[in-house]
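This briefing introduces one structure to a reader who has not met it before. Please look through the sequence and the model first, then read the points below beside them.

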Amino acid sequence: MKANKPKKLIVTIGIPAFNEEANIGKLLASLANQKTALCVIKKIYVVASGCTDRTVAIAEKAARKHPCITVVKQKERKGKASAINLFLKRATGDIAVVCSADILPQKDTLEKLCRPFRSVQTGMTGVRPIPVNGAENYVGFCVNTLWNLHHEIAKKSAKCGEMVAFRNIIRKIPVESPVDEASIEAAIKKEGLIIVYSPDAVVRNKGPEKWHEFLRQRRRINYGHLWIKKKYGHRVATADNNGVLRATLKKLGPNLKKDIWLAGMVATELLSRI
C-alpha cells in the first residue's frame with residue numbers, strides 16, 4: 001500500500017518595500033523561481049509604501065512576467081508594520097511569509113523555511129541571514145561577527161528576522177511596532193506554538209558600511225526589543241545579555257587586531273543598549 005503524500009503548504013509572501021529599486025527585481029525573480037516540493041507559492045504581494053524611485057515600476061514589470069505577483073501601492077509611508085498589516089489582510093493559504101525587500105534568498109530557501117511546518121507544533125520559522133559585507137575592515141568585521149553570533153545563539157534559542165514564515169493566523173501587528181518579526185514571534189507564542197530557526201534556509205543581505213550606521217541600526221533594534229518585552233513580556237533570544245556575552249568571549253583568539261575590533265564591537269553594542 002502506498003503511503004499518503006504529505007499535504008502541500010499553500011504560501012503567500014509579503015514584501016514591504018520603500019525605495020528598493022536596487023534589489024526588488026532580483027528578489028522577485030528569486031522568489032518566483034524558488035524550487036519547492038513541500039510548498040506552493042500562491043501569491044507574492046509587494047507593498048510599496050510611499051516609494052519615490054523605480055520600485056513600483058520594476059515590481060509591476062515583474063508582475064507582468066509572473067502572474068502570482070501583485071503590487072499594492074501605499075501612497076504614504078506609514079512604517080513597515082503598517083505595510084505588513086496590509087499584506088496580512090490579503091494573505092491566504094496555510095503559511096504567510098514576510099520578506100525584507102533588501103535580501104536575496106537562495107533557490108531553495110523557501111522550501112527549507114517551510115519544512116518545520118510538517119510538525120503541527122511549529123508556528124513560525126526564520127532564515128539565516130549572511131552578510132555580503134567583507135570582514136577585512138572594522139565595520140565589516142563587526143557586521144559579520146555579530147550576525148554569526150546571532151546564528152550561534154539562534155541555534156539554541158530561535159530568533160527570527162529578515163525573512164520569516166508563520167502559520168496564517170495573525171491578522172495584524174501593532175502599527176507602532178519597531179520590530180515586526182519580534183511582534184509576530186510574540187503573537188505566535190501566545191497561541192502556544194513554537195518558533196524554529198532554520199539555519200540551512202539562507203538569505204544574503206547587506207549590513208551597514210559605516211560605524212554610525214551600524215550604531216544606529218543596533219540602537220533601533222535594541223530599542224525595539226525593549227519595547228516588545230514591555231508590551232508583551234516577550235524577550236528575543238539575542239536580548240539575553242549573558243548568552244550574548246558567552247558567545248562573544250568564544251570569539252577571542254590569537255589575532256590581536258581582531259580582538260581589539262571585537263572589544264570595539266562590544267562597546268558599540270553596549271552603547272546602543274544604553
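**Salt bridges and a buried strand**

Asp94 counts as partly exposed, since its relative accessibility is 26%, and this residue offers a way into a model that, it should be said at the start, is predicted. The points below begin with the salt bridge that Asp94 forms with Lys7, go on to other charged pairs, and end with strand β7.

**Asp94 and Lys7**

- In the salt bridge between Asp94 and Lys7, the closest N and O atoms are 3.2 Å apart.
- Because Asp94 lies in the loop between α3 (80-90) and β4, while Lys7 belongs to the segment before β1 (9-17), the pair ties together parts that are 87 residues apart in sequence.
- Lys7 has a relative accessible area of 59% and is therefore exposed, the cut-off being over 50%, whereas Asp94, at 26%, is classed as partly exposed.

**Other salt bridges**

- The count of salt bridges in the model comes to nine, and the pair of Asp94 and Lys7 is one of them.
- Arg218 and Glu269 meet through their side chains in a salt bridge, with a distance of 2.9 Å from N to O.
- This pair links distant parts of the chain, given that Arg218 sits in helix α7 (residues 211-232) and Glu269 in helix α9 (residues 256-273), 51 residues apart.
- Both partners count as buried, for which the cut-off is under 20%: Arg218 has a relative accessibility of 4%, and Glu269 has one of 9%.
- A salt bridge also joins the side chains of Asp108 and Lys112, at 3.0 Å from N to O, and here Asp108 counts as partly exposed at 23% relative accessibility.
- Lys80, Asp180 and Glu181 are linked to one another in a network of salt bridges.

**Strand β7 and its neighbours**

- Strand β7 (residues 163-167) is largely enclosed by the rest of the structure, because five of its five residues are buried.
- In a regular strand, side chains alternate between the two faces of the sheet.
- In β7 both faces are covered, with Met163, Ala165 and Arg167 buried on one side and Val164 and Phe166 buried on the other.
- Strand β4 (residues 95-99) pairs with β7 in the antiparallel sense over five bridges, and within this pairing Val98 has Val164 of β7 as its bridge partner.
- Strand β6 (residues 122-131) also runs antiparallel to β7, to which three bridges join it, and Met124 stands opposite Phe166 of β7.

Note on methods:
Residues numbered from 1 in each chain as written. Predicted model: local features only at pLDDT ≥ 70, side-chain atom pairs only at ≥ 80, totals over all residues. Heavy atoms only, no water. Buried < 20%, exposed > 50% of the residue type's maximum accessible area, 1.4 Å probe, protein only. Helix = DSSP H or I, 4+ residues; strand = E, 2+ residues; numbered from the N terminus. Pairing = 2+ DSSP bridges. Salt bridge = Lys/Arg side-chain N within 4 Å of Asp/Glu carboxyl O.
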